[in-house]
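Thank you for making time for this. I would like to walk through one structure, element by element, and I will start with a term that we need on the way.

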Amino acid sequence: MLNRRNLLLAGAGGVASLLAGCAQPGRLLTAGSGAAAPANDGLALPALIADIQQRTFRYFWETTDPETGLAPDRWPTPSFASIAAVGFALTAYPIGVVHGWVTRDAARTRTLATLEFFANAPQGPDATGFSGYKGFFYHFLGVTKGLRFARCELSTVDTALLLGGMLFAQSWFDGDHPEEARIRALVDQIYAAVEWTWITPRPPFLSMGWHPESGFIPHDWNIYNEGMLLYLLALGSPTHPLPPEAWSAWAQRFEPSWTNQYGGDPYLHFAPLFGHQYSQVWVDFRGIRDPYIASKDLDYFENSRRATYAQRTYAAHNPGGWAGYSADVWGLTACDGPGDFKLRLDGREREFFSYSARGPGDRDDGTLAPTAALGSIAFAPEIVVPAVEAMHARYGSAIYGKYGFLDSFNPTLTAADAPLKHGKVVPGIGWVDIDHLGIDQGPIVCMIENWRSGLIWKTMQKNPHLRRGLQRAGFTGGWLA
């Protein structure tokens, strides 16, 4: 897969205090600074989880370009922008509003700037000079002009993650303010422009993408993975919808993934946890079912809960004998890693990887990612919260700072002379990343909120485009009834 998560392409401290009455668009607020009282706190969070959510929100607020809305793929290492990270950023802004970290005015201004940028971004078939084509956008964009970065692909799934954030903004900014009306109209414009039926060279499946140099990527979204939101948005399109049978054709290919190989109740397996999390940032699958998942007598939310438990069981069994793995410290997904090399440690040859998907039955090189657990907090808080607290207690001095957890760490790799491609070895800890990744920060801030208040889920239940997509896919019951 040419989605970066599959085949992969090329300091502590709280929010700075601001005086009441001095808050301006683009500036953060703290409790007692004149911000509105949190309006959506349905749950009193453990102190560490609350701190993580606020710090992770700050990542998006402080690293995103306020003029274009382009969010960096990673920070602090200089990088291109990621359109998926923009989708998570747009979702994070209202979370900041309801908790009083930014004003509604500031979030509205930032959101509108983002939508104006994408609505006006040049679209065309040539290899350079464009941000997208046929309504889709390139996976990565340059941070200065927002044009295609290098030779990256026009990405279907990353466009869907971008649209997830846009549709959330459309439904959340529901006021009479003219800028909020403009937000809603721009989202309709951008969403309607996506030509889903064009990017199905092997119908009814969506291709993973397209390159102007070589055409459609020869791989489709045709197994159980993170593509649920992608297909739902393609089905729900008011202008270029896929036929309803596209979902059933896709679901018919899920059965080989049905397993209990990794312990516990059977579930649809996808090795890295992001595949069980991304779509459910925006879609509340509790109590709604399509014919396939109904045949298993569960829903996709329960499936993700089981997948989360299976990862904990895998780490407790620790078949690879990696340092640090236990029922308390676990979590494999796509993330940064030390590099692509082999090294003999304690009499055993170990193989390590750089950025890669990781999970049971897939690559496992001892690299753990806090986002793997935190992105599942809405599914299984009873095991996620202890895991996060254990990671923070044991490794926090090296992996926790200004924007929460760094992307990943590896307690097995302690050799100071390892030929690292990325990160560093910290004595007494092991290898640690030096970056935060936007696509890993996003599930943290968003899924904490879905556990905390259901804000994103409740808001998206009102979105007519998502509802249309779910109904055309054959979902019934629950909040759709």
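By strand I mean a run of at least two residues that DSSP assigns as E, and strands, like helices, are numbered from the N terminus. With that in hand, please keep in mind that what you see is a predicted model.

Let me begin with K134, which is located in the loop that runs between β3 (132–133) and β4 (136–137). This residue has a positive phi of about 55° although it is not a glycine, and at 25% relative accessibility K134 counts as partly exposed, because that class lies between the buried cut-off of 20% and the exposed cut-off of 50%. A150 also has a positive phi, near 50°, and is likewise a residue other than glycine. The loop that holds A150 lies between β5 (140–141) and β6, and here the relative accessibility is 56%, so A150 counts as exposed.

Staying with the backbone, there are two cis peptide bonds to point out. One joins W75 and P76, with omega about 10°, and P76 sits in the loop between β1 (74–75) and β2 (81–82). Another joins P203 and P204, again with omega about 10°, and P204 is found in the loop between α5 and β7.

Now to the sheets. Three strands, in the order β6-β7-β8, make an open sheet with antiparallel pairing. At its edges are β6 (154–155) and β8 (215–216), each of which has a single partner strand, so one side of each is left without a neighbour in the sheet. Two bridges connect β7 (residues 209–211) with β8 in the antiparallel sense, and W210 has F216 of β8 as its bridge partner.

A further open sheet of three strands has the order β15-β17-β16, and its pairing is antiparallel too. The edge strands here are β15 (409–410) and β16 (424–426), and since each has a single partner strand, one side of each has no neighbour in the sheet. Between β16 and β17 (residues 430–432), which run antiparallel, there are three bridges, and K424 is bridged to V432 of β17.

There is also a hairpin to look at, made of β11 (residues 341–345) and β12 (residues 348–352), which pair in the antiparallel sense over five bridges. L343 has R350 in β12 as its bridge partner. Two residues lie between the strands of this hairpin, and D346 takes a positive phi near 50°.

Which helix is largely enclosed by the rest of the structure? That is α6 (residues 228–236), where nine of the nine residues are buried, and so the helix is largely enclosed. Its buried residues include M228, Y231 and G236. Among the elements that cover the buried residues of α6 are α4 (156–172), α5 (178–192), α7 (245–251) and α15 (464–472).

A word on helix packing before the next pair: two packed helices are described by the angle between their axes and the distance between the axes. For α1 (residues 47–63) and α12 (residues 381–399), the axes come within 10 Å and cross at roughly 80°, which means that α1 is roughly perpendicular to α12. On the α1 side the contact is made by L48, I49 and I52, and on the α12 side by V385, V388, E389 and H392. Sorted by class, this contact of α1 with α12 has five nonpolar, one polar and one charged residues.

Turning to the interior, the largest nonpolar core has 160 residues, and F118 and W196 are the ones with the most contacts inside it. Helix α2 (residues 83–98) gives the most to this core, with twelve residues. If we leave aside residues up to four places away in sequence, F118 touches L70, I83, V86, F137, L141, L162, M166 and I190.

I will finish at D265, in the loop between β9 (258–259) and β10 (267–268). With 41% relative accessibility, D265 counts as partly exposed. Again leaving aside residues up to four places away in sequence, D265 touches T259, N260, R305 and R306. D265 and S376 are 111 residues apart in sequence, and their C-alpha atoms are 17 Å apart in space.

How values were computed:
Residues are numbered from 1 along each chain as its sequence is written. This is a predicted model: local features need pLDDT of at least 70, side-chain atom pairs count only at pLDDT 80 or more; totals for chains, interfaces and linings use all residues. Side-chain values use heavy atoms; hydrogens and water are left out. Buried means under 20% relative accessible area, exposed over 50%, partly exposed in between (1.4 Å probe, protein chains only). Helices (H or I, at least four residues) and strands (E, at least two) are DSSP runs, numbered from the N terminus. Contact means heavy atoms within 4.5 Å. Two strands pair if DSSP finds at least two bridges between them. Axes are lines fitted to C-alpha atoms, for helices over the stretch in contact, and angles run from 0 to 180 degrees between N-to-C directions. Angles under 35 degrees count as roughly parallel, over 145 as roughly antiparallel, 65 to 115 as roughly perpendicular and the rest as oblique. Ala, Val, Leu, Ile, Met, Phe, Trp, Tyr, Cys and Pro count as nonpolar, Asp, Glu, Lys and Arg as charged, and the others, Gly among them, as polar. A nonpolar core is a set of buried Ala, Val, Leu, Ile, Met, Phe, Trp, Tyr and Cys residues joined through side-chain atoms within 4.5 Å.
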